[in-house]
Amino acid sequence: MDSSDPSQAGPSRQTPAVASAASPESEFNPTFERWRSRFAEVTGLGLSEAQKAERTQREEQAKLERDWARCQKWKEELMTRSPMVVFMLKHLRLSGCPFPDSAIQCHPCPEDRAGGFAPEYGILLCQNRFFSKKHMEDTLAHELIHAYDHCKFNVDWLNLRHHACTEIRAANLSGDCSWTREVKRGFYAFNKQHQACVKRRAVASVMANPSCKSEEMAEKVVNEVWESCLNDTRPFDEIY
Ligand SMILES: [Zn+2]
């Protein structure tokens, strides 16, 4: 909630101060001046270009802080209450790669993406890109699968076959393509649409790899590793 400064809220209710605005001495009236600048700030009327720029900057800053707080709150909730996220964190720990809270960070992202994983930094959550907590949960699960693969299988991120495999697994297992929670019962009901979604997303991710020269190349590599990586559902098929 916005906290309004009581010293500024007062004068806006005092109509006499407004009425005196027209008189020549109004410029010496600090009450009026406070009111005027507050009014100008809310409406944008009567602001100089510099003041407008300052206002925009303040609004942007406020948005950054709001997004960050929301991302942080969801992150903490997901890390303790989301069965999927808790499960992945547990398996990272069991695989010798515990993933601390500090390795999952909320930041604004300029590009059209929701998250990322970099072995040396951890997981990035794009605080300005989430349209729901579920979206953030799927994104976090996706990146945790990359983290798990990196830990367990020593992924070489510049090797397109490695990259394609972990993208197939991440899209398949994360909920990116509406994969259901029935995974806990070991029930895998993949349909054609689900597979098409996994393939499309894996190809798009591989195309972003600097080693990938074209969409055809990305498709070819994804197809090459498709069967084995789609069927590799670790750590979900392990007994826990
Ligand atoms: Zn990915």
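A residue counts as buried here if 20 or more other C-beta atoms lie within 10 Å of its own, as exposed if 12 or fewer do, and as partly exposed in between, with C-beta atoms placed from the backbone. By that yardstick, 29% of the 240 residues of the chain are buried. Keep in mind that this is a predicted model: local features need pLDDT of at least 70, side-chain atom pairs count only at pLDDT 80 or more, and totals for chains, interfaces and linings use all residues. Residues are numbered from 1 along each chain as its sequence is written.

**The overall layout**

The chain has nine helices and three strands. These are DSSP runs numbered from the N terminus (helices are H or I with at least four residues, strands are E with at least two). Walk along the sequence and you meet the pattern α-α-α-α-α-β-β-β-α-α-α-α. As for contacts (C-beta atoms, placed from the backbone, within 7 Å), residues 24 or more positions apart make up 56% of those with a separation of 6 or more.

**The sheet and its helices**

The three strands form an open sheet in the order 1-3-2, with mixed pairing. Strands 1 and 2 sit at the edges with a single partner strand each, so one side of each has no neighbour in the sheet. From one strand to the next, the twist averages 20°. Two strands pair if DSSP finds at least two bridges between them; strand 1 and strand 3 do this in the parallel sense, over four bridges. Gln105 is found opposite Leu124 in strand 3.

Two helices lie against these strands. Their angles run from 0 to 180 degrees between N-to-C directions, and axes are lines fitted to C-alpha atoms, for helices over the stretch in contact.

| Helix | Strands touched or crossed | Angle |
|---|---|---|
| Helix 4 (residues 49–81) | strand 1 and strand 3 | about 155° to strand 1 |
| Helix 6 (residues 133–153) | strand 2 and strand 3 | about 15° with strand 2 |

**Around Arg113**

Arg113 belongs to the loop between strand 1 (104–107) and strand 2 (115–118). Is Arg113 buried or partly exposed? Arg113 is partly exposed, because 13 other C-beta atoms lie within 10 Å. Leaving out residues up to four places away in sequence, Arg113 touches Cys126 and Arg129. Between the C-alpha atoms of Arg113 and Leu125, which are 12 residues apart along the chain, there are 9.3 Å.

**Helix 7 meets helix 9**

Two packed helices are described by the angle between their axes and the distance between the axes. For helix 7 (residues 160–174) and helix 9 (residues 215–230), the angle is about 50° and the axes are 9 Å apart. That makes the pair oblique; angles under 35 degrees would be roughly parallel, over 145 roughly antiparallel, and 65 to 115 roughly perpendicular, with the rest oblique. Contact residues include Leu160 and Ile168 of helix 7, and Val221 and Trp226 of helix 9. The residues of this contact split into 10 nonpolar, one polar and three charged. Here Ala, Val, Leu, Ile, Met, Phe, Trp, Tyr, Cys and Pro are nonpolar, Asp, Glu, Lys and Arg are charged, and the others, Gly among them, are polar.

**Two backbone oddities**

Most residues other than glycine have a negative phi, and most peptide bonds are trans. Asn154 has a positive phi of about 55° although it is not a glycine. Asn154 sits in the loop between helix 6 and helix 7, and is exposed because just 8 other C-beta atoms lie within 10 Å. Arg234 and Pro235 are joined by a cis peptide bond, with omega about 5°. Pro235 is in the segment after helix 9.

Definitions and conventions
Contact = placed C-beta atoms within 7 Å.
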